[in-house]
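Student: Could you take me through a structure and explain how its features are read?

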Amino acid sequence: MTTYQQTAMALCLAFTATGSALADEFSAAEVQRWQQQFMTVVAEGRELWTSPKLGSNTVACAQCHPNAANTHPETYPKFQKQLGKVVPLWEMINWCLKNPLEGQPLAADDPKMTALQAYITHERRGVKLEPGKH
Amino acid sequence: MNSINNSRRNFIKNTGALALGATLPISLVELAFADSSENFTFAYISDAHIQHIKDNRFVRNWDRGLIRAVAETNLLTPKPDFVMFGGDLAQLGSKPELDHGAEILSALHGDVRYVMGEHDYYLDLGEYWQKLFGPQYYSFDHKGVHFVVLNSIKTFDDWTFKRWPTAEQRMLEMAGLDNPNGSPFMVGDEQRLWLKKDLDKIKKDTPVVVFSHSPLQKIYKGWNFWTEDAEQVQALLKPFNKVSVIYGHVHQIQYNQIGNISFNSVMATAWPWPYPQSYAQAEQYLPKLTVPMNRADPFFERDATGWQFINIANGNADLNFTLYDNSSRIVRYNKKLKRPEDAVYQDEKARIIPQTHY
């Protein structure tokens with residue numbers, strides 16, 4: 001055994017002895033908690049999606065996209081001919097915020113942008129990924 | 001086909017130097033007057049969703065859709081016998097919205113008749129709308145055709161009268177198309193009783209055209225592309241030889257044939273809606289007969305919106321869709337197969353890629 005191997009083994013034994021979880025071991029309770037975290041953000045996204053206050057003119061995303069239909073998150077990133085380049089979904093969301101909603105765009109990592117994308121993709125669950133599709 | 005050329009010539013002559021004339025897709029105005037003196041036409045504008053922001057501001061995009069439909073309808077030659085407005089003039093049923101919408105529609109030449117939509121109704125249960133436009137359901141006769149207008153967007157009394165603390169909240173709950181707190185549309189007992197009496201007086205070979213806001217057939221309940229007592233209404237229409245139901249609400253092209261009844265939807269002037277099959281979680285029943293409109297391109301503000309010019313040819317309805325940013329469409333009654341069909345795209349092989357919805 002090399003020194004390195006000895007050290008590694010010692011560390012493993014130490015963790016086992018103190019009862020710390022290994023990286024790939026998590027419980028059903030944890031899975032449930034993470035799922036709840038996700039669904040909370042989905043619900044925040046649904047609130048924003050139906051809110052007359054996201055833009056400036058009282059128009060809500062849901063007016064044109066009930067249940068986020070016709071947003072096709074499974075096709076992004078894709079070439080958006082009107083923007084002349086390949087874009088991820090959040091850039092298209094910002095286009096909608098600026099145009100039909102006459103509002104301000106959101107930063108890519110804005111929690112509101114995360115929530116909107118969580119809601120859109122949740123409504124599209126079960127559909128296979130087809131990046132680039134038109 | 002001569003009638004097309006004549007229409008175009010007359011149209012250009014009559015509109016003269018109007019810039020709009022050059023872009024109006026008038027070639028779709030295929031009139032059948034030569035075949036029968038009974039044939040006539042009317043225009044159909046629907047789902048304007050005039051939306052109040054505050055003070056004197058309204059959503060510009062929806063305003064423009066209605067203003068354009070009114071302007072183009074006024075340019076039609078020959079003049080339509082009358083104009084129908086198919087409901088959802090307002091977004092949240094308020095006086096400013098109904099007044100502003102009525103003001104825009106007041107520019108229409110000739111008679112205009114109105115259908116009630118849920119966005120007009122659920123604030124004050126149609127009270128102000130009635131002051132402006134008349135009764136919520138009625139019938140009239142025109143050139144041998146019996147027309148019936150229904151208020152098909154009513155719902156259970158419990159939902160309407162007991163569930164919501166304020167009228168404003170009731171309106172907001174029904175205004176959200178995909179709102180799980182909503183409630184299914186229905187014509188209801190009172191109107192069905194009235195309809196039965198109204199139709200009892202009509203000879204069974206008289207063509208009957210019914211205008212409703214919601215489809216008098218069941219397509220997708222989640223978005224109220226649905227009327228709860230559709231089958232009961234259809235049963236009242238069954239004894240007649242030629243029946244057409246023309247409805248709004250769905251903001252897309254749909255058509256179907258159930259027994260003796262032809263169903264046609266009309267376009268919205270405000271914005272398009274996805275077909276229900278685009279919602280991955282939905283159980284839906286879009287009629288197999290329907291060739292969908294193109295998937296909307298939001299970068300064209302008026303894409304997948306428009307209005308229509310309806311030709312009552314020998315008692316059947318042919319719909320000519322004027323689509324601002326798409327090729328025009330014609331859905332015409334096929335006398336041999338006894339059903340409405342698209343004039344160009346009905347055959348599977350004739351369809352184009354943008355008509356695929358997913």
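Tutor: We will go through confidence, then the two chains, their contact and the sheets.

Student: What kind of model is this, and how are residues and chains labelled?

Tutor: This is a predicted model, in which local features need pLDDT of at least 70 and side-chain atom pairs count only at pLDDT 80 or more, while totals for chains, interfaces and linings use all residues. Residues are numbered from 1 along each chain as its sequence is written, and chains are lettered from A and ligands numbered from 1 in the order in which they are written.

Student: What does chain B average in pLDDT, and where does the score stay under 50?

Tutor: pLDDT is the predictor's confidence in each residue, from 0 to 100. Chain B averages 90, with 90% of its residues scoring at least 70, but over residues 1-35 of chain B the value stays under 50. The model as a whole scores ipTM 0.88 and pTM 0.89.

Student: Which helices and strands does chain A have?

Tutor: Helices (H or I, at least four residues) and strands (E, at least two) are DSSP runs, numbered from the N terminus. Chain A has five helices and two strands, and from the N terminus on these elements run α-α-α-β-β-α-α.

Student: At what angle do helix α4 and helix α5 of chain A cross?

Tutor: Axes are lines fitted to C-alpha atoms, for helices over the stretch in contact, and angles run from 0 to 180 degrees between N-to-C directions. The axes of α4 (residues 89-98) and α5 (residues 111-123) of chain A come within 11 Å and cross at roughly 105°, which makes α4(A) roughly perpendicular to α5(A) (angles under 35 degrees count as roughly parallel, over 145 as roughly antiparallel, 65 to 115 as roughly perpendicular and the rest as oblique). Two residues are in contact if their C-beta atoms, placed from the backbone, lie within 7 Å; here Leu89(A), Trp90(A) and Ile93(A) of α4(A) meet Met113(A), Leu116(A) and Gln117(A) of α5(A).

Student: How many residues does each chain give to the contact between chain A and chain B?

Tutor: Chain A gives 17 residues and chain B gives 16 residues. On the side of chain A, the largest share, three residues, comes from helix α3 (residues 61-64).

Student: In what order do the six strands of the open sheet in chain B lie?

Tutor: Two strands pair if DSSP finds at least two bridges between them. The order is β6-β7-β8-β9-β11-β10 with mixed pairing, and β6 (138-142) and β10 (255-258) of chain B are the edge strands, each pairing on one side only. Strand β7 (residues 145-149) of chain B runs parallel to β8 (residues 208-212) of chain B over four bridges, with Val148(B) opposite Val210(B). Five bridges then join β8(B) to β9(B), also in the parallel sense, and Val210(B) stands opposite Val245(B) there.

Student: Is strand β9 of chain B buried or exposed?

Tutor: A residue is buried if 20 or more other C-beta atoms lie within 10 Å of its own, exposed if 12 or fewer, and partly exposed in between, with C-beta atoms placed from the backbone. In β9 (residues 243-247) of chain B, five of its five residues are buried: Val243(B), Val245(B) and Tyr247(B) lie on one side, and Ser244(B) and Ile246(B) on the other.
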